Amino acid sequence: MPPILTTDRLILRAHTAADFPGCYTLWSDPDVTRFIGGRPSTQEEVWSRILRYIGHWEVLNYGYFLVTERQTGAVVGDFGLADFRRNVVAPFGDTPEAGWVMLPQYHGKGLAQEALTAVLAWADRTMPRTVCMIHPDNAPSLKLAAKLGYTEYARGQYGEHTPILLERVVR
């Protein structure tokens, strides 16, 4: 059973089929996808993403959380850990990959740090190392990763992109 995490302002829970409209709004926003694929996602791609998220929890006992505002229930973004079996040069192996996206209207309010801090506090109990890959031009995500203890360990190759590969080791 996936956990439900709460913070002062947020609720983080596993995705359900009913979350499709909010997830489609999130993933069809060009600002959200600018550094992740470079184009808005289609309905088909968002539906597949939700199914992958649900499958992660079922198979791996970890995954992505739908993050909503506590007061309004509005979707803020997706934050979590995954094993996408990416064909990345400097491979991740079986190390969980952290990732996050958030609707632009929530930027600059500390919500991304709040959500990711909750995810990582939960993960730290069983995951001694997590990784992430970030586009080199995505300064806000690089700054957030650094605040949360991620450090660069390689410049990778993922398709046509050369992301920065970062790791966080629990000591």
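Which residue does the side chain of E45 meet in a salt bridge? I looked this up before anything else. E45 pairs with R39, at 2.5 Å from N to O. The model I am reading is a predicted one.

**Entry 1: the E45 and R39 pair**

I checked how open each partner is. E45 is partly exposed, with a relative accessible area of 30%. R39 is also partly exposed, at 42%. I noted the general idea beside this: side chains of opposite charge can pair when their charged atoms come close. Both E45 and R39 turn up again in a pocket lining, and I return to that in a later entry.

**Entry 2: other salt bridges**

How many salt bridges does the structure hold? I found eight listed. I followed up two more of them.

One joins D19 to R13. Their closest N and O atoms are 2.7 Å apart. I asked myself whether D19 is buried or exposed. D19 is buried, with a relative accessible area of 9%. That value earns the label because buried means under 20%. R13 is partly exposed, at 25%.

Another joins E97 to R86, at 2.8 Å from N to O. This pair links distant parts of the chain. E97 sits in strand β5, and R86 sits in the loop between β4 and β5. They are 11 residues apart. E97 counts as buried, at 5% relative accessibility. R86 counts as partly exposed, at 26%.

**Entry 3: P3 and its surroundings**

Next I went to the start of the chain. P3 lies in the segment before β1, which covers 5-6. Is P3 buried or exposed? P3 is buried, with a relative accessible area of 19%. The cut-off matters here: P3 gets the label because buried means under 20%.

Which residues does P3 touch, leaving out those up to four places away in sequence? I wrote down L12, R13, W57, F65 and W122. R13 I already knew from its salt bridge with D19. P3 and R13 are 10 residues apart in sequence. In space, their C-alpha atoms are 6.7 Å apart.

**Entry 4: the largest pocket**

I turned to the pockets. The largest has a volume of about 1,300 Å³. How many residues line the largest pocket? The count is 48. Nearest its centre lie I36, W100, V101, N138 and S141.

I then asked which element gives the most to this lining. The element is β5, with six residues. Several helices and strands each supply at least two residues, among them α2 (30-33), α3 (43-60) and α4 (111-123). Strands β4 (75-82) and β6 (129-134) are also on that list, and so is helix α5 (139-147). By type, the lining divides into 24 nonpolar, 13 polar and 11 charged residues.

**Entry 5: the second largest pocket**

The second largest pocket has a volume of about 190 Å³. Which element gives the most to its lining? I found α3, with five residues. The lining includes W27, T33, I36 and G37. R39 and E45 are in it too, and these are the salt-bridge partners from my opening question. I36 also lies among the residues nearest the centre of the largest pocket. The lining of the second largest pocket divides into three nonpolar, four polar and four charged residues.

**Entry 6: positive phi angles**

I looked up two residues for their backbone angles. N61 has a positive phi of about 65 degrees, although it is not a glycine. N61 is found in the loop between α3 and β3 (64-69). Is N61 buried or exposed? N61 is exposed, with a relative accessible area of 55%. It earns that label because exposed means over 50%.

A90 also has a positive phi, near 75 degrees, and is likewise not a glycine. A90 is found in the loop between β4 and β5. It counts as partly exposed, at 25% relative accessibility.

**Entry 7: T95**

My last stop was T95. T95 is found in the loop between β4 and β5, where I had already placed A90 and R86. T95 counts as buried, at 13% relative accessibility. Which residues is T95 in contact with, leaving aside neighbours within four places in sequence? They are R129, T130 and V131.

Note on methods. Residues are numbered from 1 along each chain as its sequence is written. This is a predicted model: local features need pLDDT of at least 70, side-chain atom pairs count only at pLDDT 80 or more; totals for chains, interfaces and linings use all residues. Side-chain values use heavy atoms; hydrogens and water are left out. Helices (H or I, at least four residues) and strands (E, at least two) are DSSP runs, numbered from the N terminus. Buried means under 20% relative accessible area, exposed over 50%, partly exposed in between (1.4 Å probe, protein chains only). Contact means heavy atoms within 4.5 Å. On a 1 Å grid over the protein atoms alone, a cavity is a set of points where a 1.4 Å probe fits but cannot get out, and a pocket is an open set with protein on both sides within 12 Å along at least five of seven lines; lining residues have an atom within 4 Å of a point. Grid points are joined across faces, edges and corners, and a volume is the space filled by probe spheres set on the points. Ala, Val, Leu, Ile, Met, Phe, Trp, Tyr, Cys and Pro count as nonpolar, Asp, Glu, Lys and Arg as charged, and the others, Gly among them, as polar. A salt bridge is a side-chain nitrogen of Lys or Arg within 4 Å of a carboxyl oxygen of Asp or Glu.
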